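Thanks, everyone. I would like to take a few minutes on the model that is now coming up on the screen, and I will go through it residue by residue.

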Amino acid sequence: MSSLRPRSGRSSRRTRDASDPGARTRILDAAEELFAGGGYEATPTSEIARLADVPKGLVFHYFPRKIDVLVALIDERTLVEESPEVEAVPGDAAGTLSRLARRLPLSASPAMRRILFREADTHGSVRDRLGRLNGEIIQRARFALELALPTPRGDAARLEVAAVTFAAVLLYQENLCQLTGHHIDPDAVAELIAHALG
């Protein structure tokens, strides 16, 4: 007995073309899921197209090479967004860093963070983006600490080490949690850093 599919001249996949406004987003969503799961190299473009429910040619319409999909993901889905002024309280480095951690809008899903760390060793564009993200977070943490510790005890070298340490926790915490199973509390790290600077 034959199946009871509607006779549209095509399979159950809906027709997708460049006029489909959601196609590019679905392609990036599919690529994010697949790259995070199996890695960039192990993901064929045909699998991205299948998961996005688009013809393979449409993937190439938006992204002429597979690497362009990865670059678009990194550029569009990993950024430190603009945020309001740092709420620094002089003499309260721990509270200042804790507030920064809560208010820092680091736009990168756990999947995107996995992609960043997995692909940074083999793709220069990913390594560069990870470096820029890290630099932005370090700059904000250092500025927050300078506001909280305006006295000579917060010398530049120590503040830099503290900012780098705190940025590492914010950026790498999900990766570390995935590797070790331990959640790293940014508030506890803020306390440790403040104690070390005190």
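Phenylalanine 63 has a relative accessible area of 3% in this predicted model, and because buried means under 20%, that residue counts as buried. Its aromatic partner is tyrosine 62, and the two rings form a tilted pair, with 6.4 Å from centre to centre and 50° between the planes. Tyrosine 62, for its part, is partly exposed, at a relative accessible area of 23%, so within this pair we have one buried ring and one that is partly exposed.

Both residues also fall within a stretch that carries an annotation, since UniProt, in an unreviewed entry, lists residues 44–63 as "DNA-binding region". In the model, that span is 75% helix and 0% strand, and the C-alpha atoms at its two ends lie 14 Å apart.

How many aromatic pairs does a search of the whole structure find? The search returns 2, and the one I have not yet described joins phenylalanine 35 and tyrosine 40, whose ring centres are 5.3 Å apart and whose planes meet at 70°; as planes over 60 degrees apart count as edge-to-face, that is the class this pair receives. Phenylalanine 35 is buried, with a relative accessible area of 0%, and tyrosine 40 is buried as well, with a value of 7%. Tyrosine 40 has a further neighbour to point out, namely lysine 66, which lies over the face of the tyrosine ring at 4.4 Å from the ring centre.

Phenylalanine 35 then takes us to the nonpolar core. The largest such core has 58 residues, and phenylalanine 35 is among those with the most contacts inside it, together with Val54, Ile115, Leu145 and Phe166. The largest share of this core, 9 residues, is contributed by helix 7, which covers residues 124–148. The core also draws on both domains, taking at least three residues from domain 1, at 15–77, and at least three from domain 2, at 81–197.

Finally, let me turn to a charged residue. Arginine 77 is placed in helix 4, which is made up of residues 66–77. Is its side chain buried or exposed? With a relative accessible area of 19%, arginine 77 is classed as buried, because the cut-off is under 20%. The side chain of arginine 77 also makes a polar contact with the side chain of aspartate 29, at 2.8 Å.

Terms used:
Residues are numbered from 1 along each chain as its sequence is written. This is a predicted model: local features need pLDDT of at least 70, side-chain atom pairs count only at pLDDT 80 or more; totals for chains, interfaces and linings use all residues. Side-chain values use heavy atoms; hydrogens and water are left out. A nonpolar core is a set of buried Ala, Val, Leu, Ile, Met, Phe, Trp, Tyr and Cys residues joined through side-chain atoms within 4.5 Å. Buried means under 20% relative accessible area, exposed over 50%, partly exposed in between (1.4 Å probe, protein chains only). Helices (H or I, at least four residues) and strands (E, at least two) are DSSP runs, numbered from the N terminus. Domain bounds come from an automatic or database domain assignment. Rings of Phe, Tyr and Trp (its six-membered ring) pair if their centres lie within 6.5 Å; planes under 30 degrees apart count as stacked, over 60 as edge-to-face and the rest as tilted. A charge sits over a ring if NZ of Lys or CZ of Arg is within 6 Å of the ring centre and within 35 degrees of the ring normal. A polar contact is a pair of N or O atoms within 3.5 Å; within protein, one must be able to donate a hydrogen and the other to accept it, and residues adjacent in sequence count only if both atoms are side-chain atoms. UniProt positions are given in the numbering used here, feature names are shortened, and annotations may be inferred rather than shown by experiment.
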